[in-house]
Amino acid sequence: MDFNGFCISSWLDLVGVVVVDNSQGFNSKTIGVSMVTFFSFFVLRVLLVVATFLFVQPAGTDHNWVAGAVAVFCGWLNFVILLRRIPYFGIFVVMIYKMFKRLLQVSVLILLFTFAFAFAFYALLAEEQDVFPSFTRVPLAFLRVFSIMAGELGFF
């Protein structure tokens, strides 16, 4: 398939996704069809088309491979969203989605605590360069506190 055929098929695929998901309705109670799923699927499809378009451009930089990697990632996420509609796989996809959502909520709290302890240790230990070299700058203090929170035993 040449480049023009690829672009036309990608845009027709995108329009087909919009028409099919729109025809099923937003208020359906099934596992796979909801407004959030529709918009996430649509955004992933647009990102997939744009990244693939950038990947097939003439080579000249390494950005082509980055765009290709983004396209492959978006393609797999679209596949997982489509798997959500199959009853056997759908429950597992929903479970993993909820797990990642909860993990994101907890990681925000962990990040706040990490910043708080990093700034506190920096304020207390910045002058002790010979004893605590990890707390002489704020980014180093953040990394050290993150490693302490991750369970490193050789802290300080």
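The legends below describe several close-up views of a predicted model.

Local features are reported where pLDDT is at least 70 and side-chain atom pairs count at pLDDT 80 or more, while totals for chains, interfaces and linings use all residues. Residues are numbered from 1 along each chain as its sequence is written, and side-chain values use heavy atoms, with hydrogens and water left out.

**View 1. The largest nonpolar core contains seven residues.** The members are F41, L44, L48, A51, A71, C74 and I81, where a nonpolar core is a set of buried Ala, Val, Leu, Ile, Met, Phe, Trp, Tyr and Cys residues joined through side-chain atoms within 4.5 Å. Buried denotes under 20% relative accessible area, exposed over 50%, and partly exposed in between, with a 1.4 Å probe and protein chains only. Helix 2 (35-55) and helix 3 (63-83) each supply at least two residues of this core, and helix 2 gives the most, with four residues; helices (H or I, at least four residues) are DSSP runs numbered from the N terminus. When residues up to four places away in sequence are not counted, A51 touches A67, V70 and A71, contact being heavy atoms within 4.5 Å. A second, separate core has five residues, including A118, L125, F135 and A141.

**View 2. Helix 3 carries an aromatic pair as well as a set of buried residues.** Its 21 residues should span 30 Å at 1.5 Å a residue, and the end C-alpha atoms are 30 Å apart, which agrees; the expected span is 1.5 Å times one less than the number of residues. The buried residues of helix 3 are N64, A67, G68, A71, C74, N78, I81 and L83. W76 and F79, three residues apart in helix 3 and thus about one turn of the helix from each other, form an edge-to-face pair with 5.7 Å centre to centre and 85 degrees between the planes. Rings of Phe, Tyr and Trp (its six-membered ring) pair if their centres lie within 6.5 Å, with planes under 30 degrees apart counted as stacked, over 60 as edge-to-face and the rest as tilted. W76 is exposed at 58% relative accessibility, whereas F79 is partly exposed at 42%.

**View 3. F117 and F121 form a tilted pair in helix 4.** The ring centres of F117 and F121 are 6.3 Å apart and their planes lie at 40 degrees, so the pair is tilted. The two residues are four apart in helix 4 (residues 87-125), a separation of about one helical turn. F117 is partly exposed with a relative accessible area of 44%, and F121 is partly exposed with 23%.

**View 4. R84 lies over the face of Y97.** The distance from the ring centre is 5.7 Å, under a rule that places a charge over a ring if NZ of Lys or CZ of Arg is within 6 Å of the ring centre and within 35 degrees of the ring normal. In addition, Y88, F89 and F92 form one aromatic cluster.

**View 5. The buried residues of helix 5 pack against helix 4.** Helix 5 (residues 138-150) has 13 residues and reaches 18 Å from its first C-alpha to its last, close to the 18 Å expected at 1.5 Å a residue. A141, V145 and S147 are its buried residues. Seen down the axis of helix 5, these fall within an arc of 160 degrees, so they line one face of the helix; the arc is that of the directions from the helix axis to the C-beta atoms. On the other side of helix 5, P139, L143 and A150 are exposed. Helix 5 is followed by G151, whose phi is positive, near 110 degrees.
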